[in-house]
Amino acid sequence: MTMLTPGANAPLPSGDLTVLIRHGSIPGAEIDVSAFLVTGTGKVRCDADMCFYGQPSVAGGAVVLAGTSGGETRFTVAPSRIPVGVERVIFTATIHENRGTFGQLSEMEVQVGVLTGKIPCSGMTETALILAEVYQRNGAWKRRVVGQGFNGGRAALATHLGVEIAEPAPTPAPAPSPVPAPAAPPSTVNLSKVSL
């Protein structure tokens, strides 16, 4: 098996492939692994390009979250089925609700076919990581180990990649007690609606 260090890349073999991410576990925290299909701008085309536990198959099955167990997450990727305009599939890991940091792990490992990349984690303060990517260059698909960290967890990472995060609905304020309004003086302000 060939080992890749962060920043190193290699060509992909032809055909479909499996991406296996060995992330281990952090006591009291949950690690979520996702994949994002992005264009040349580094952004998703729409929220449907985020493959995660809530949306395990994207782009007609071109990228599928095949399962998570025992500190490992597995994806299947069919490069020939990736839509035109998508130039990279980015694999990420986040700590749910920022309940820890990746510095609590010694390393993470990404295996794509016969190539494995190790990402050292000791000392990291981040709660989100770009682990690796499968990308297209001059008509050929390649893989690269990245290991770039982000603070702010999934929300910060997803926003960086162009996914719109729904804000929680604000709690409605209690209705005020009715108070008699004083008589208003005649207004001199035009209250008609303005078209912008």
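**Entry 1: confidence**

I started at the C-terminal end, where pLDDT stays under 50 over residues 181-196. For this stretch I found zero contacts beyond four places in sequence. The model is predicted, and where pLDDT is low, the predicted coordinates should not be read in detail. I therefore leave the geometry of that segment alone. For the protein chain as a whole I noted a mean pLDDT of 84, with 83% of residues at 70 or more.

**Entry 2: whole chain**

I counted one helix and 13 strands in the protein chain. Reading along the sequence, I passed through the 13 strands and met the helix after them, at the end of the pattern. Of the 196 residues, 40% count as buried. I looked up the accessible surface next: about 11,000 Å², with 56% of that belonging to carbon and sulfur atoms. I then took the contacts between residues at least 6 apart in sequence and saw that 63% of them join residues at least 24 apart.

**Entry 3: the sheet**

I traced an open sheet of six strands, ordered E2-E13-E12-E9-E4-E5, with antiparallel pairing. Which strands stand at the edges? They are E2 (9-11) and E5 (50-51); each has a single partner strand, so one side of each lacks a neighbour in the sheet.

Inside the order I checked E12 against E13. Strand E12 covers residues 128-137 and strand E13 covers residues 140-150; nine bridges join the two, which run antiparallel. To fix the register I picked Tyr135, whose bridge partner in E13 is Lys142.

**Entry 4: Ser34**

I moved to strand E4 (residues 31-38), where Ser34 lies. Is Ser34 buried or exposed? Its relative accessible area is 2%, and the cut-off for buried is under 20%, so Ser34 is buried. I listed its contacts, leaving aside neighbours within four places in sequence: Met50, Cys51, Phe52, Phe75, Ile90, Phe91, Thr92 and Arg154. Among them, Met50 and Cys51 are the residues of edge strand E5 (50-51).

**Entry 5: Ala78**

I ended on a loop residue. Ala78 is found between strand E8 (72-77) and strand E9 (88-95). Despite the loop setting, Ala78 is buried, at a relative accessible area of 3%. Which residues touch Ala78, apart from neighbours within four places in sequence? I found Asp16 and Ala62. I also looked up Leu17, which is 61 residues from Ala78 along the chain; the C-alpha atoms of the two are separated by 6.5 Å.

Note on methods. Residues numbered from 1 in each chain as written. Predicted model: local features only at pLDDT ≥ 70, side-chain atom pairs only at ≥ 80, totals over all residues. Heavy atoms only, no water. Pairing = 2+ DSSP bridges. Helix = DSSP H or I, 4+ residues; strand = E, 2+ residues; numbered from the N terminus. Buried < 20%, exposed > 50% of the residue type's maximum accessible area, 1.4 Å probe, protein only. Contact = heavy atoms within 4.5 Å. Areas by Shrake-Rupley, 256 points an atom, 1.4 Å probe, with all protein chains shown as cover. pLDDT = per-residue confidence, 0-100.
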